[in-house]
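Work through the exercises below with the sequence and the 3D structure open beside you. Try each task before you read its solution.

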Amino acid sequence: MALACTGIGAASAGEAAAQPAAAVDLLPEGQDVSDTVIELAGWVVATRDSEGYPFAIMDKAAAQILVFGGDGRLRGAAPALFGSAVGDHIAPGVAGLALREIPGRDRTTPAGRFVGGFGPSIDAGRVLWVDYDSAVSIHPTATGVPAERRPERLASPTPDDNRVTHGCINVAPDFYERIVRQTFERGGVFYVLPDKASLAETFPEFVQSRSAGQRTGGSRTRSARH
C-alpha cells in the first residue's frame, strides 16, 4: 500500500502522511486506500485539525482503519468490522440499551469527527472510546457469538462481510495491541467516513478546503456496543 496525499496544496502534509517503513500494513493484497482517505489524512496534518494528537481515519465502505501518530505519520492500516446497519445516525437513547435491545436499524457506526480516549465501561473494563455518548469504541475482535464469525469476517479478502457489530469498531487483536493501544494511550481524534451522508455534511471544513484547492489547483461509565 502506498499512501500519498494529493490535492491538499501543502508538500509537508504529503510527506508527513506518507507511509514510513515501520508502518504495519495488514490490508488485503491489492486493496487500495481511497483518494478521500488520502486527502483527508493530508488535510488533517496540514491544518493540524487533530491538534497534534494521534488520529485514525475509518472508511466503513472499504472496511478499513488507518492509524496515524501525532506527527502525522502512518503507523498502521488494517481491516475493521463496523456496525451491521448501513447509516450514519445515532439513535436517541441507544447508549443506554443492552446489546440485545438495540434494533437492527440502529446498529450503526456513526460518521463524523470524534475526540476520544481510554475510559471505563460497565461490561468490558477499560476501553478506547471513539464516542462515549453513542457508546462506540474500538476493541479487539473476540469470538463473541460464534454464529457471527467475526474473526473470519475480519480475515476475508473483501469488505463485503465486515458489517456485523452493534456499532463498535473491531480490529484484529494483534493490531489492537501493537498499534491502536499504544498510539491512543493518551487519547486522539477519530474520523469516520459516512455511509449515506455527504462528505460536506460530515466534514464541512475539509470539503471547503478541498474545493478551494481544486479551484486554485470522564467519570461516567457505560456499556460498550460490541
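Helices, which are runs of at least four residues, and strands, which are runs of at least two, are taken from DSSP and numbered from the N terminus. Keep in mind throughout that this is a predicted model.

**Exercise 1. The chain as a whole**

Find how many helices and strands the protein chain contains, and state what share of its residues is buried.

Solution. Begin with the count of elements, which gives 6 helices and 11 strands in the protein chain. Next, turn to burial, where a residue counts as buried if its relative accessible area is under 20%; buried residues make up 51% of the 226 residues. Finally, look at the accessible surface, which comes to about 10,400 Å², with 50% of it belonging to carbon and sulfur atoms.

**Exercise 2. The order of the sheet**

Write down the order of the strands in the open sheet, and explain why one side of strand 1 and of strand 10 is left without a neighbour in the sheet.

Solution. First, follow the 9 strands across the open sheet, which gives the order 1-4-3-2-11-6-7-8-10 with mixed pairing. Then consider strand 1 (24-25) and strand 10 (169-171), which stand at the edges; each has a single partner strand, so one side of each lacks a neighbour in the sheet. For strand 10, the pairing is with strand 8 (residues 136-140), and these two run parallel and are joined by 3 bridges. One of the residues to look for is P140, whose bridge partner in strand 10 is V171. As a last step, add helix 2 (residues 35-47), which packs on the sheet and touches strand 2 (55-59), strand 3 (64-68) and strand 11 (188-192), while its direction makes about 160 degrees with that of strand 2.

**Exercise 3. Strand 3 and its two hairpins**

Describe how strand 3 pairs with strand 2 and with strand 4, and decide whether the residues of strand 3 are buried or exposed.

Solution. Start with strand 2, which runs antiparallel to strand 3 and is joined to it by 5 bridges; here M58 stands opposite I65. These two strands form a hairpin with 4 residues between them, and A63 in the turn has a positive phi of about 55 degrees. Continue with strand 4 (residues 74-79), which is likewise antiparallel to strand 3 and joined to it by 5 bridges; here V67 stands opposite G76. Strand 3 and strand 4 form a hairpin with 5 residues between them, with G72 in the turn at a positive phi of about 85 degrees. To settle the question of burial, note that Q64, L66 and F68 point one way from strand 3 and I65 and V67 the other way, and that all of them are buried.

**Exercise 4. A pair of rings**

Explain why the rings of F55 and F68 count as a stacked pair, and say which parts the pair ties together.

Solution. A search of the whole structure finds 6 aromatic pairs. In the pair to examine, the ring centres of F55 and F68 are 4.6 Å apart and the planes are at 10 degrees, so the pair is stacked, given that planes under 30 degrees apart count as stacked. Because F55 lies in strand 2 and F68 in strand 3, the pair ties together parts that are 13 residues apart in sequence. Both rings belong to buried residues, since F55 has a relative accessible area of 1% and F68 one of 0%. To finish, widen the view to the aromatic cluster that F55 and F68 form with Y191 and F203.

**Exercise 5. Three residues in loops**

Locate T109, A135 and R149, and decide for each whether it is buried or partly exposed.

Solution. T109 is in the loop between strand 5 (82-83) and strand 6 (112-120), and its relative accessible area of 0% makes it buried. A polar atom of the T109 side chain lies 2.8 Å from the backbone oxygen of G167. A135 is in the loop between strand 7 (126-131) and strand 8; A135 is also buried, at 0% relative accessible area, and its phi is positive, near 60 degrees. R149 is found in the loop between strand 8 and helix 3 (150-155), has a positive phi near 55 degrees, and counts as partly exposed at 44% relative accessibility.

Conventions: Residues numbered from 1 in each chain as written. Predicted model: local features only at pLDDT ≥ 70, side-chain atom pairs only at ≥ 80, totals over all residues. Heavy atoms only, no water. Buried < 20%, exposed > 50% of the residue type's maximum accessible area, 1.4 Å probe, protein only. Areas by Shrake-Rupley, 256 points an atom, 1.4 Å probe, with all protein chains shown as cover. Pairing = 2+ DSSP bridges. Contact = heavy atoms within 4.5 Å. Axes fitted to C-alpha atoms, helices over the stretch in contact; angles between N-to-C directions. Phe/Tyr/Trp six-rings, centres within 6.5 Å; stacked < 30°, edge-to-face > 60°. Polar contact = N/O pair within 3.5 Å; in protein donor to acceptor, adjacent residues only side chain to side chain.
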